[in-house]
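Student: I would like to request a close look at a single part of this structure. Please treat that part in detail and then place it in its surroundings.

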Amino acid sequence: MKKRVTRKIQDFVKAYQLRKEITTQWNDPIVGFALANDPLFSKLRSVASPTHAVPKDFLPGAKTVIAFFIPFKKSMTRTNIKEKYSSKDWGKGYIETNEMIRQLSLYLQELFVSEGYEAFMIPATHNWDEKKLISDWSHRHIAYIAGLGNFGLNNMLITEQGCCGRIGSFITSAQIEPDAISDQEACLYKYDGTCKKCTKRCVNGALYEDSFDRFKCYEMLLKNVEELRSVGYADVCGKCLVGIPCSHINPVARKIQTKEHRAEPLSAHL
Ligand code: B12
Ligand code: SF4
Ligand code: SF4
């Protein structure tokens, strides 16, 4: 079932971008699975937020949580590197991907229900407490538990395809084999204290090595809402995600591979 669901998600995204009205293009999504009763879900209440839900709060018969990361293409993320305000493509990418995640979740819901399972879908964003700017369901934590990656200094979940993309998750009563959490660090700063490029890219004084001010960040997102009116409601920024080592790859995995590769000829002679 795992392979089939992964393929269905990938095929959906491939077909979706062929629609005439869609301008954003995505790379193949990566998909991970978590047991709904994984003790890490209840741990989230103590680690992340006391109001964080567990899968059974939304679906009492929950057995599995499916998480997917939908990577943006480099050609799109590049448009958001220059200037203080976000590019139109980044704004449009946000709006179109949120809608795609909604339609993909509806599709998965129909699929599971047609096979006799229960299903529960969650929106990609705006499911937050307006005053605290915190949600009761963190897609990036779910994706972490489902083995899709690890956290960066820029707060993003960094996957094997980087952090430039959007995350969705979905709950079902179908039992699907879970994936293991990734023990591979993904942020260079967390790995060896280097990089910090994301903090230097922040355009509104919200992201530092030792702190993040979500309200300052949201202030910038709202400025972009005004700037990008022509594409719709785009509360975006994302300057701390683009043009950095972890935008499209896991730079720690790359660094380790390069070191091993360099070490190879020497070890071969020992
Ligand atoms: C509220 C929210 C915001 C707020 C607050 C952001 C924040 N950093 O807290 C505002 C409006 C400011 C915002 C801004 C942005 N957001 Co936002 N946002 C959300 C939302 C709706 C909820 C996040 C939340 O409150 N979760 C609950 C809290 C408790 O957990 P958390 O913040 O996710 O987790 C933190 C800690 O627990 C911690 N942590 C650190 N180390 C470790 C280690 C372990 C082991 C664990 C368990 C946890 C942990 O990690 C997390 C990151 O700080 C999610 C969608 C969703 N429902 O998940 C999108 C989401 C997080 N945003 C996203 C994005 C892309 C952005 C922006 C780039 C805007 C844009 N699209 O252009 C900026 C980036 C700002 C930044 N650098 O952090 C993406 C992230 C994608 C990714 N690769 O991770 C999400 C997942 C939306 C999506 N569906 O893809 N966002
Ligand atoms: S830019 Fe560097 S420090 Fe920032 S999250 Fe990416 S790898 Fe980590
Ligand atoms: S999204 Fe923009 S304002 Fe928010 S932390 Fe990143 S660069 Fe700074």
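Student: What covers the buried residues of H1?

Tutor: The model is a predicted one, and the account below should be read in that light. The cover over the buried residues of H1 includes strand S1 (30-35), strand S2 (64-71) and helix H5 (88-114).

The helix itself is the place to begin. H1 runs over residues 2-16, 15 residues in total, and its first and last C-alpha atoms are 21 Å apart, close to the 21 Å expected at 1.5 Å a residue. Its buried residues are Val5, Ile9 and Val13. These lie on the same side of H1 because they cover an arc of only 70° around the axis. The underlying principle is that an α-helix has 3.6 residues a turn, so residues three or four places apart point the same way. On the face turned away from this buried side, H1 carries the exposed residues Lys3, Arg4, Arg7, Asp11, Lys14 and Ala15.

Among the covering elements, S1 deserves a further look. This strand is mostly covered, with six of its six residues buried. In a regular strand the side chains alternate between the two faces of the sheet. In S1 both faces are covered: Ile30, Gly32 and Ala34 are buried on one side, and Val31, Phe33 and Leu35 are buried on the other. S1 and S2 run antiparallel and are joined by six bridges. Within this pairing, Ile30 stands opposite Phe69 of S2. Both of these paired strands thus belong to the cover over the buried residues of H1.

The ligands complete the surroundings. Ligand 1 is surrounded by 37 residues, of which Ser135, Ser138, Asn155, Val236 and Gly238 are the closest. The elements giving two or more residues to this shell are strand S5 (134-135), helix H6 (139-145), strand S8 (165-172) and helix H9 (214-227). By type, the shell around ligand 1 comprises 23 nonpolar, 11 polar and three charged residues.

Around ligand 2 there are 14 residues, and Gly152, Cys187, Cys195, Cys198 and Cys246 come nearest. Helix H7 (188-192) and helix H8 (197-201) are the elements that give two or more residues to this shell. Its residues divide into 10 nonpolar, two polar and two charged.

The residues around ligand 3 include Cys202, Cys217, Cys237 and Cys240, together with Arg201 and Lys239. In this shell eight residues are nonpolar, two are polar and two are charged.

How values were computed
Residues are numbered from 1 along each chain as its sequence is written. Chains are lettered from A and ligands numbered from 1 in the order in which they are written. This is a predicted model: local features need pLDDT of at least 70, side-chain atom pairs count only at pLDDT 80 or more; totals for chains, interfaces and linings use all residues. A residue is near a molecule or strand if its C-beta atom, placed from the backbone, lies within 6 Å of it. Helices (H or I, at least four residues) and strands (E, at least two) are DSSP runs, numbered from the N terminus. Ala, Val, Leu, Ile, Met, Phe, Trp, Tyr, Cys and Pro count as nonpolar, Asp, Glu, Lys and Arg as charged, and the others, Gly among them, as polar. The expected span of a helix is 1.5 Å times one less than its number of residues. A residue is buried if 20 or more other C-beta atoms lie within 10 Å of its own, exposed if 12 or fewer, and partly exposed in between; C-beta atoms are placed from the backbone. The arc is that of the directions from the helix axis to the C-beta atoms. Two residues are in contact if their C-beta atoms, placed from the backbone, lie within 7 Å. Two strands pair if DSSP finds at least two bridges between them.
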